[in-house]
Amino acid sequence: MITPSTSELLRPLQIGSLIVPGRLYKSATSETRCTEDGFVTDELLEFYEPMARVGTPLIVTGNLYVSLQGKSAGRQAGIDADDKKPGLRDWVQLAHGGGSLLVAQLNHGGRQIGKSAVAGQAPVSASSVREPMLGTTPRSLRRDEIPALVETFAAAAERARDVGFDGVQIHAAHGYLLGQFLTPHTNRRTDEYGGSLDNRMRLLREVYRAIRRRVGDDYPIMLKINGTDMLPPFRRGAATADLVRVAAVLQDEGLDAVEVSRGIYESWPSTILGHYKGFIRTHVTEGAGRDQPRYQRMAMLAAAPMIERAAEHLAPGGEGFNLPQAEKFCARLDIPVICVGGFHTTSGMAAAIASGRCDAVSAARAFIADPYLFDHVRTPVTNAPVCGYCNGCIARHGGKPIDCYVEEIRVRKDLMLMVDPTPRSATEFPANPRTAQ
Ligand SMILES: Cc1cc2nc3c(=O)[nH]c(=O)nc-3n(C[C@H](O)[C@H](O)[C@H](O)COP(=O)(O)O)c2cc1C
Ligand code: SF4
């Protein structure tokens, strides 16, 4: 049944040279489903298969490391070398087989790396500012290392284009390396990469330009950026107005779309607002926190009840929790603005777009719980699995394969996929003409 809300989400959107046949996208989710050295596996493809099968209009991969130095989590996917290309091509073919567009998210973890993948080397960052959540102390990148770093992004984008990805998304959100340069708290440099906003955005701009030169004018380049770092004032997060300006500068250089998110690891739990009961125990026993020193894990466990209660109180979440920032990007930019954060109901997503506060919405956790989310916009069902925002999936990131870890929801999802392997509306709606063979 096509309601006004459904039609809002089925309206095509132009992103650069792409016509995207809808306005609900799957946001990036690091999968913890590759081999330890970053190669695509069947386990990874299985995660995406149902989303692709129902023609989710646009899917962004989890963050792909552009170099081993930038690898931020266990079993993360890499796009750092040509021998990864066959697996990446399989991923693209899977998405295109169902009519979905697939965009590669390019990332360097900077200081937000549990354990350096390069033996004996400290993580790098804009400046040597300790990352308190993981306990890493990075070294400051030398000026003469930056050209090679920029080149890793350009080479990764070229690989993405070569294997058929429909675009790339530069990850400058969530406090990874490019964000570490944007944020005054993590960027204390006194050279031309630190200080003024123009200087702090210099690395991102160089990365954007290098990618654009390498992939050509027509190839879609998107940006994921914070609308707020969620740091307390004394910690000097990047200001929303500055982040909007960064996007505007890149728009003038040819950027095709912006996805607005929030938060860095240090301002946890800001990126993934919701519920936190049991989060810390799960993180240190099953997730990336397993790599932290024992004393730190013990300290975190001792403080967990207090921290989790405070987080629950301070960061309750809700549908569209990044809209207040996204609308500021929308007011300033001409290119599409995609808002992520808590979206899961057809009416809530459609209302966000209809209000003019964003051009499209994306979701991460709602797709983990219900990979048919886009199909359920087209054909509502009453018993679909619905994410409860418990954060059990992100707590296990880097340790356990991405999935919904609430048994009742996961069983409902698995049954749905078994009983309804090809939902009716997936066959009734035409696949994206750009990807349908
Ligand atoms: C398990 C998990 C992994 C994630 N991995 C990434 C990632 O690789 N890159 C990224 O930009 N965001 C990542 N995110 C954040 C989401 O893309 C999104 O910004 C955030 O979860 C808020 O959206 P939601 O409320 O729809 O989940 C991840 C989130 C989850 C839950
Ligand atoms: S574990 Fe399941 S219910 Fe909890 S946030 Fe993740 S997808 Fe949602």
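In this briefing, a residue is near a molecule if its C-beta atom, placed from the backbone, lies within 6 Å of it. The structure discussed here is a predicted model. By the 6 Å criterion, the largest share of the shell around ligand 2, 3 residues, comes from helix α13. The points below describe this shell, then a group of parallel strands, one helix, a buried loop residue and some backbone angles.

**The surroundings of ligand 2**

- Ligand 2 is surrounded by 14 residues, and the closest are C387, C390, G392, C393 and C404.
- Two helices, α13 (residues 365-369) and α15 (residues 392-395), each supply at least two residues of this shell.

**Parallel strands β9 to β12**

- Strand β9 (residues 221-228) is joined to β10 by 6 bridges, and the two strands run parallel.
- Within this pairing, N226 stands opposite S261 of β10.
- Strands β9 and β10, together with helix α8, make a right-handed β-α-β unit.
- Strand β10 (residues 257-262) also pairs with β11 in the parallel sense, over 3 bridges.
- Two residues of β10 have named partners in β11: E259 is bridged to I338, and V260 is bridged to C339.
- Strand β12 (residues 360-363) is joined to β11 by 3 bridges, and these strands run parallel as well.
- In this second pairing of β11, C339 stands opposite V361 of β12.
- From β11 the chain passes through helix α12 (residues 346-354) to reach β12, in a β-α-β crossover that is right-handed.

**Covering of the strands**

- In a regular strand, the side chains alternate between the two faces of the sheet.
- Strand β10 is mostly covered, since 6 of its 6 residues are buried.
- On one side of β10 lie A257, E259 and S261, on the other V258, V260 and R262, and all of them are buried.
- Strand β11 (residues 337-340) is likewise covered on both faces, with V337 and C339 buried on one side and I338 and V340 buried on the other.

**Helix α7**

- Helix α7 (residues 202-215) contains 14 residues and reaches 20 Å from its first C-alpha to its last, close to the 20 Å expected at 1.5 Å a residue.
- Its buried residues are L203, L204, V207, Y208, I211 and V215.
- Seen down the axis of α7, these buried residues fall within an arc of 135 degrees, so they line one face of the helix.
- The elements that cover them include the helices α4 (residues 146-163), α5 (residues 177-182) and α8 (residues 240-252), together with the strands β8 (residues 167-172) and β9.
- After α7 comes G216, whose phi is positive, near 95 degrees.

**A buried loop residue, L134**

- L134 is located in the loop between β6 (residues 124-125) and β7 (residues 139-140).
- L134 has 22 other C-beta atoms within 10 Å; because a residue with 20 or more such neighbours is buried, L134 belongs to the buried class.
- When residues up to four places away in sequence are left out, L134 touches Q112, G114, Y265 and Q292.
- L134 and I113 are 21 residues apart along the chain, and their C-alpha atoms are separated by 7.3 Å.

**Backbone angles in the loops**

- Most residues other than glycine have a negative phi, and most peptide bonds are trans.
- R75, in the loop between β4 (residues 58-65) and α3 (residues 85-98), has a positive phi near 55 degrees and is not a glycine.
- With 22 C-beta neighbours inside 10 Å, R75 counts as buried.
- M230, in the loop between β9 and α8, is not a glycine either, and its phi is positive at about 65 degrees.
- M230 counts as buried too, with 21 C-beta neighbours inside 10 Å.
- The peptide bond from W268 to P269 is cis, with omega near 10 degrees, and P269 is found in the loop between β10 and α9 (residues 279-286).

Key
Residues are numbered from 1 along each chain as its sequence is written. Chains are lettered from A and ligands numbered from 1 in the order in which they are written. This is a predicted model: local features need pLDDT of at least 70, side-chain atom pairs count only at pLDDT 80 or more; totals for chains, interfaces and linings use all residues. A residue is buried if 20 or more other C-beta atoms lie within 10 Å of its own, exposed if 12 or fewer, and partly exposed in between; C-beta atoms are placed from the backbone. Helices (H or I, at least four residues) and strands (E, at least two) are DSSP runs, numbered from the N terminus. Two strands pair if DSSP finds at least two bridges between them. A crossover is right-handed if, with the strands pointing away from the viewer, the path from the first strand over the helix to the second runs clockwise. The expected span of a helix is 1.5 Å times one less than its number of residues. The arc is that of the directions from the helix axis to the C-beta atoms. Two residues are in contact if their C-beta atoms, placed from the backbone, lie within 7 Å.
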